[in-house]
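Student: Could you take me closely through a single part of this predicted model, the four-stranded sheet, and then through what surrounds that part?

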Amino acid sequence: LWRLKTGVTSKAGLQRLKQTIPQGKISPVLHDGRSEAGRKRALPGNIIVHLNPDWGQQQIKAWCKQHALQIEKSLNIGPNIFVIKTTPGLAALEKANALYLSGEVVAAYPDWWQEVSKR
């Protein structure tokens, strides 16, 4: 985790990191709530998509092809729930939101990294 210096915008910090570590996978750290006291989250890449549970393999493949999406793996938590490959960072959140707003999916959300705490 890198904390930005006072006066450095997140956009400028991200550009600097991409120049310094061009092959790096970078995500802003977000917080649950308005303060930094909230649990931290980041977007390491990938989204979880719940497709129509009645779809067969052909419909799933056609939908992925239409949207130029690649299935990373199937999740065994219900029918037609998949991890879809995306780039890290806000692009993953934007893709999940766009898919959900399209009305073509039951649900779509980032595969968040979440801070954990010891009990």
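**The four-stranded sheet and its surroundings**

Tutor: In this predicted model, four strands make up an open sheet in the order E4-E5-E3-E6, and their pairing is antiparallel. Its edges are strand E4, residues 71–74, and strand E6, residues 107–110, each of which pairs on one side only. From one strand to the next, the twist averages 25°. Helix H3 packs on this sheet, where H3 touches E3 and E6, and the direction of H3 makes about 170° with that of E6.

Consider next the pairing around E5. E4 and E5 are joined in the antiparallel sense over three bridges; Ile-71 has Ile-84 as its bridge partner in E5, and Ser-74 has Phe-82. The two strands form a hairpin with six residues between them, and Asn-80, which lies in the turn, has a positive phi of about 55°. E3 and E5 also run antiparallel, joined by four bridges, and here His-50 has Ile-81 as its bridge partner in E5.

The side chains of E5 deserve separate attention. In a regular strand, side chains alternate between the two faces of the sheet. In E5, Ile-81 and Val-83 point one way while Phe-82 and Ile-84 point the other way, and all of these residues are buried.

From the strands one can move to the nonpolar core. The largest such core has 14 residues, and those with the most contacts inside it are Ile-47, Val-49, Leu-51, Trp-63, Leu-99 and Val-105. At least two residues of this core come from each of strand E3 (47–50), helix H2 (57–66), strand E5 (81–84) and helix H3 (90–102). Leu-51 offers a detailed view of such surroundings: leaving aside neighbours within four places in sequence, Leu-51 is in contact with Ile-60 and Trp-63, with Pro-79, Asn-80 and Phe-82, and with Val-105 and Val-106. Of these partners, Asn-80 is the residue in the hairpin turn with the positive phi, and Phe-82 is the bridge partner of Ser-74.

Two loop residues complete the picture around H3. Thr-86 lies in the loop between E5 and H3, and Thr-86 counts as buried because its relative accessibility is 18%, which falls under the 20% limit for that class. The side chain of Thr-86 reaches the backbone nitrogen of Asn-46 at 2.6 Å. Not counting residues up to four places away in sequence, Thr-86 touches Gly-45, Asn-46 and Ile-47, as well as Ala-92 and Lys-95; among these, Ile-47 is one of the core residues with the most contacts inside the core.

Val-106, by contrast, lies in the loop between H3 and E6 and counts as exposed because its relative accessibility is 51%, which is over the 50% limit. With residues up to four places away in sequence not counted, Val-106 touches His-50, Leu-51, Asn-52, Pro-53 and Tyr-100. Val-106 and Trp-63, both of which are in contact with Leu-51, are 43 residues apart in sequence and 13 Å apart in space, C-alpha to C-alpha.

Finally, there is a second sheet to set beside this one. Three strands form an open sheet in the order E1-E2-E7, with antiparallel pairing, and its edge strands are E1 (29–31) and E7, each pairing on one side only. E1 and E2 pair in the antiparallel sense over three bridges, and His-31 has Lys-40 as its bridge partner in E2. Lys-40 also forms a salt bridge with Glu-115, in which the closest N and O atoms are 3.7 Å apart. That salt bridge links distant parts of the chain, since Lys-40 belongs to strand E2 (residues 40–42) and Glu-115 to the segment after strand E7 (113–114), 75 residues apart. Side chains of opposite charge can pair when their charged atoms come close. Both participants count as partly exposed, because the relative accessible area is 31% for Glu-115 and the relative accessibility is 24% for Lys-40.

Definitions and conventions:
Residues are numbered from 1 along each chain as its sequence is written. This is a predicted model: local features need pLDDT of at least 70, side-chain atom pairs count only at pLDDT 80 or more; totals for chains, interfaces and linings use all residues. Side-chain values use heavy atoms; hydrogens and water are left out. A salt bridge is a side-chain nitrogen of Lys or Arg within 4 Å of a carboxyl oxygen of Asp or Glu. Buried means under 20% relative accessible area, exposed over 50%, partly exposed in between (1.4 Å probe, protein chains only). A nonpolar core is a set of buried Ala, Val, Leu, Ile, Met, Phe, Trp, Tyr and Cys residues joined through side-chain atoms within 4.5 Å. Contact means heavy atoms within 4.5 Å. Two strands pair if DSSP finds at least two bridges between them. Axes are lines fitted to C-alpha atoms, for helices over the stretch in contact, and angles run from 0 to 180 degrees between N-to-C directions. A polar contact is a pair of N or O atoms within 3.5 Å; within protein, one must be able to donate a hydrogen and the other to accept it, and residues adjacent in sequence count only if both atoms are side-chain atoms.
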